[in-house]
Structure formats: C-alpha cells, structure tokens
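The following exercises are to be worked with the sequence and the model in view. Each task is followed by a stepwise solution.

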Amino acid sequence: SERTLVLVKPDGVSRGLVGEVIARIERKGLKLAALELRTADRAVAEEHYAEHAGKSFYGDLVEFITGGPLVAIVVEGTRAISAFRQLAGGTDPVEKATPGTIRGDFGLEVQFNLVHGSDSPESADREIKIWFPSL
Ligand code: GTP
Ligand code: MG
C-alpha cells in the first residue's frame, strides 16, 4: 500500500466541500491515516509549492493557500497517489478535469481547484514530512 498527501484547499473548506471530498476518498476504498484542519503559514506553503517558485502564478498561489483554513490529509491504500489524482481530475477544472471528478464537478478556475494530491512517491514522502512531521 501507498500514502499520498491530500489538501482540501481553502476554497474547498470555505465552500463546505470537505465532507464531499472525504466521502469520495472513502467510497473509492482509500483510508484516512491522518487529518488536520489548519491554516498554513507562509513557510509551509512555500515549501509545499517549492517546485513552482518563480512561476507567474506562484505569488497568488501562496497567498491563496495561506488565506484560510485548509484540511491536510494523509490518504493510504493501493496505488493511492494515482487513485486520488484520478478522483481530483486535471488541474484546470474546465479544460482538463472531466465531470465525475472533484474539480470537474465543483471547480471553475485553475487557482481555485479545490484539492491537491501528491504527484509521485517522492512528492508524497516530501509533502507528508512537511504537513505531518511526526508521521
Ligand atoms: P496540485 O495538486 O495543487 O499540485 O495541482 P496539480 O498537480 O494538478 O497542478 P500543479 O502542481 O501544476 O500546480 C499547482 C497548483 O497551482 C494548481 O493546483 C493550481 O491551483 C495552481 N496553478 C497551476 N497552474 C496555474 C496557472 O496557470 N494559473 C494559476 N492562477 N494557478 C495555477
Ligand atoms: Mg502538483
């Protein structure tokens, strides 16, 4: 089994979609291994999105992700990384995510795409250490 780091981003929390996201994770057969509601400080946000430092949207992204409470979750199960990326849908909720996915069903704008999921085993290890250093 495998672990992945999922975030219900501040837009997902403010829109009341935490239960919806967790329900989809559980219905898929994945398990919750850790879960916390918190507001990310700038250091955590910059570490989490380090790969995007320097891109045009990086400043907006860090502002957005630190702008309100989010839910950080460690999700565990068979092929959990790909399984959650499939549930989330593509980065752009309109052009890439298809109906039936979290972003495809609930999102309109690239920045406000509701959820994050690690994109590789290396990213998952790195991100779980950032959000849940005791795991
Ligand atoms: P994450 O799971 O959040 O990492 O999304 P992703 O892996 O599908 O996309 P990526 O890692 O490429 O980008 C990280 C996040 O930056 C996205 O989820 C968006 O919220 C935001 N983002 C990506 N591209 C753009 C863009 O062109 N404009 C804006 N405003 N935001 C973007
Ligand atoms: Mg990503």
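**Exercise 1. Locate Arg79 and Leu114, and describe their backbone and their burial.**

Step 1. Arg79 lies in the loop between β3 and α5 (80-88); helices (H or I, at least four residues) and strands (E, at least two) are DSSP runs, numbered from the N terminus. The model is predicted: local features need pLDDT of at least 70 and side-chain atom pairs count only at pLDDT 80 or more, while totals for chains, interfaces and linings use all residues. Residues are numbered from 1 along each chain as its sequence is written, with chains lettered from A and ligands numbered from 1 in the order in which they are written.

Step 2. Although Arg79 is not a glycine, its phi is positive, about 50°. Most residues other than glycine have a negative phi.

Step 3. Arg79 has 13 other C-beta atoms within 10 Å and is therefore partly exposed. The criterion counts other C-beta atoms within 10 Å of the residue's own, placed from the backbone: 20 or more means buried, 12 or fewer exposed, and in between partly exposed.

Step 4. Leu114 also has a positive phi, about 75°, without being a glycine. Leu114 belongs to the loop between α6 (102-106) and β4, and is buried, because 24 other C-beta atoms lie within 10 Å.

**Exercise 2. Derive the strand order of the sheet and identify its edges.**

Step 1. Collect the pairings; two strands pair if DSSP finds at least two bridges between them. β2 is joined to β3 (residues 70-77) by seven bridges, antiparallel. Seven bridges also join β1 to β3, again antiparallel, and three antiparallel bridges link β1 and β4.

Step 2. Assemble the order. The result is an open sheet of four strands, β2-β3-β1-β4, with antiparallel pairing. β2 (31-38) and β4 (115-117) are the edges: each has a single partner strand, so one side of each lacks a neighbour in the sheet. Direction ignored, neighbouring strands are turned by 15° against each other on average, the axes being lines fitted to C-alpha atoms.

Step 3. Check the register. Leu35 has Ile73 in β3 as its bridge partner, and Leu37 has Val71 in β3. Val71 is also the bridge partner of Val8, while Glu2 stands opposite Gly77 in β3. On β4, Gly117 is the bridge partner of Val6.

**Exercise 3. Determine how far β1 and β3 are covered.**

Step 1. In β3, six of the eight residues are buried, so the strand is largely enclosed by the rest of the structure. β1 is mostly covered, with six of its seven residues buried.

Step 2. Helix α7 (residues 121-131) lies across β1 (2-8) and β3, at about 55° to β1; angles run from 0 to 180 degrees between N-to-C directions, with helix axes fitted over the stretch in contact, and contact requires C-beta atoms, placed from the backbone, within 7 Å.

**Exercise 4. Characterise the shell around ligand 1.**

Step 1. List the residues whose C-beta atom, placed from the backbone, lies within 6 Å of the molecule. Among them are His52, Phe57, Asp60, Thr91, Asn113, His116 and Asp119.

Step 2. Assign elements: α4 (58-65) and β4 give two or more residues each to this shell.

Step 3. Classify the shell: three residues are nonpolar, six polar and two charged. Here Ala, Val, Leu, Ile, Met, Phe, Trp, Tyr, Cys and Pro count as nonpolar, Asp, Glu, Lys and Arg as charged, and the others, Gly among them, as polar.

Notes:
Contact = placed C-beta atoms within 7 Å.
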